[in-house]
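Let's take a walk through this one together, starting at a pocket and ending at a loop. Keep the viewer open as you read.

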Amino acid sequence: MQMGIEQSGRGGKGKVSNESKKGKRRQRKLSPVQRLYEICKEVFADCGPGIVPSPEKVEKLAALLDGITQVDVGLRPSMPFFSSERAPVITYLHLHECDKFSIGIFCLPPTSVIPLHNHPGMTVFSKLLFGTMHIKSYDWSDEVDKNADGTMANGYPDGLRLAKLKVNSEFTAPCGPSILYPADGGNMHCFTARTACAVLDVLGPPYCDPEGRHCQYYYDYPFGSFSVENVSVLAEGEEGYAWLKEREKPEDLSVVGVPYSGPKIARK
């Protein structure tokens with residue numbers, strides 16, 4: 001009996017080893033887009049609104065995105081999506097969406113803008129595939145003085161809310177992916193295409209109006225534009241803060257969905 005167990009054990013090890021080799025060969029054969037899908041399934045498997053993947057899983061997905069290029073998704077700057085004559089129309093290529101995550105690509109002609117908007121309860125990975133883009137992003141701030149009774153001074157006028165500036169810079173590909181979280185990393189951001197740009201986006205979970213995750217747009221105003229009693233900013237000073245106010249979806253924002261024609265995803 002003991003011998004039988006040992007033989008079974010040796011056979012099991014050989015089987016695991018063979019399966020491991022097969023798995024590695026399979027990974028080498030998968031396209032970058034297929035690997036992205038597979039890793040997203042793993043990363044967001046146990047996540048939901050407001051639940052952030054573990055640091056190890058965030059790093060794993062970011063590392064994969066860092067290596068993805070425009071060629072991997074079948075894009076070229078010469079495609080009609082990116083013509084300056086097409087501005088300000090933005091094209092969205094849908095790769096995948098489920099209740100856990102979505103994958104898509106925004107194709108922006110020069111000067112086109114994705115206005116300041118939020119990502120409620122989401123963890124978002126953005127990879128600039130080519131081009132130069134200006135990104136401005138904010139997180140909500142609680143760095144304000146307290147009222148005399150110790151409560152936070154949050155009675156802002158006209159629907160304003162204080163936000164802390166996270167990013168206000170230009171990025172040119174190749175560059176690493178940016179990651180934003182439900183309450184950090186620049187959850188509200190604005191994209192302005194300086195040249196033709198393509199941005200690969202992964203959202204976990206995706207927008208869902210029935211579940212309250214709808215895209216909200218904002219105006220942003222310099223902190224000094226309004227004088228609010230009992231409110232003053234700390235740390236960086238006024239230039240590091242702004243007042244945000246909700247707005248309707250801008251009438252001049254035009255995003256057109258187009259079928260994705262790059263390497264396909266085998267869904268399981």
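For sorting residues by character, Ala, Val, Leu, Ile, Met, Phe, Trp, Tyr, Cys and Pro count as nonpolar, Asp, Glu, Lys and Arg as charged, and the others, Gly among them, as polar. A quick word on what you're looking at: this is a predicted model, where local features need pLDDT of at least 70 and side-chain atom pairs count only at pLDDT 80 or more, while totals for chains, interfaces and linings use all residues. Residues are numbered from 1 along each chain as its sequence is written, and side-chain values use heavy atoms, with hydrogens and water left out.

Start with the largest pocket. A pocket here is an open set of points on a 1 Å grid over the protein atoms alone, where a 1.4 Å probe fits, with protein on both sides within 12 Å along at least five of seven lines; its lining residues have an atom within 4 Å of a point. The largest pocket holds about 540 Å³ of space, the volume being what is filled by probe spheres set on the grid points, which are joined across faces, edges and corners. It has 19 lining residues, and F106, H117, Y207, C215 and Y217 come closest to its centre. By character, the lining splits into eleven nonpolar, five polar and three charged residues.

Which strands build that lining? At least two residues each come from β1 (90–97), β2 (102–108), β3 (113–117), β8 (188–193) and β9 (197–204), and β2 gives the largest share, with three. Strands (E, at least two residues) and helices (H or I, at least four) are DSSP runs, numbered from the N terminus.

Now for the charged pairs. Side chains of opposite charge can pair when their charged atoms come close. With a salt bridge taken as a side-chain nitrogen of Lys or Arg within 4 Å of a carboxyl oxygen of Asp or Glu, the structure has seven. One of them joins K41 to E38, with 3.9 Å between the closest N and O atoms. Both sit in helix α2 (residues 32–43), three residues apart, or about one turn of the helix. For burial, read buried as under 20% relative accessible area, exposed as over 50%, and partly exposed as in between (1.4 Å probe, protein chains only). K41 is partly exposed at 29%, whereas E38 is buried at 17%.

Another salt bridge links D184 and K166, whose closest N and O atoms are 3.6 Å apart. D184 is in the loop between β7 (178–180) and β8, and K166 is in strand β6 (residues 160–172), so the pair ties together parts 18 residues apart in sequence. In a third example, R213 meets E211 at 2.7 Å, N to O; R213 is buried at 6%, but E211 is exposed at 55%.

Next, helix α3 (residues 55–67). Its 13 residues should span 18 Å at 1.5 Å a residue, and the end C-alpha atoms are 19 Å apart, which agrees; the expected span is 1.5 Å times one less than the number of residues. The buried residues of α3 are V58, L61, A62, L64 and L65. They cover an arc of only 160° around the axis, which puts them on the same side of α3; the arc is taken from the directions from the helix axis to the C-beta atoms. P55, E56, E59 and A63 are exposed on the other side of α3.

Finally, find H214 in the loop between β9 and β10 (217–222). H214 is partly exposed at 39%. Its C-alpha lies 8.6 Å from that of N118, with the two positions 96 residues apart in sequence numbering.
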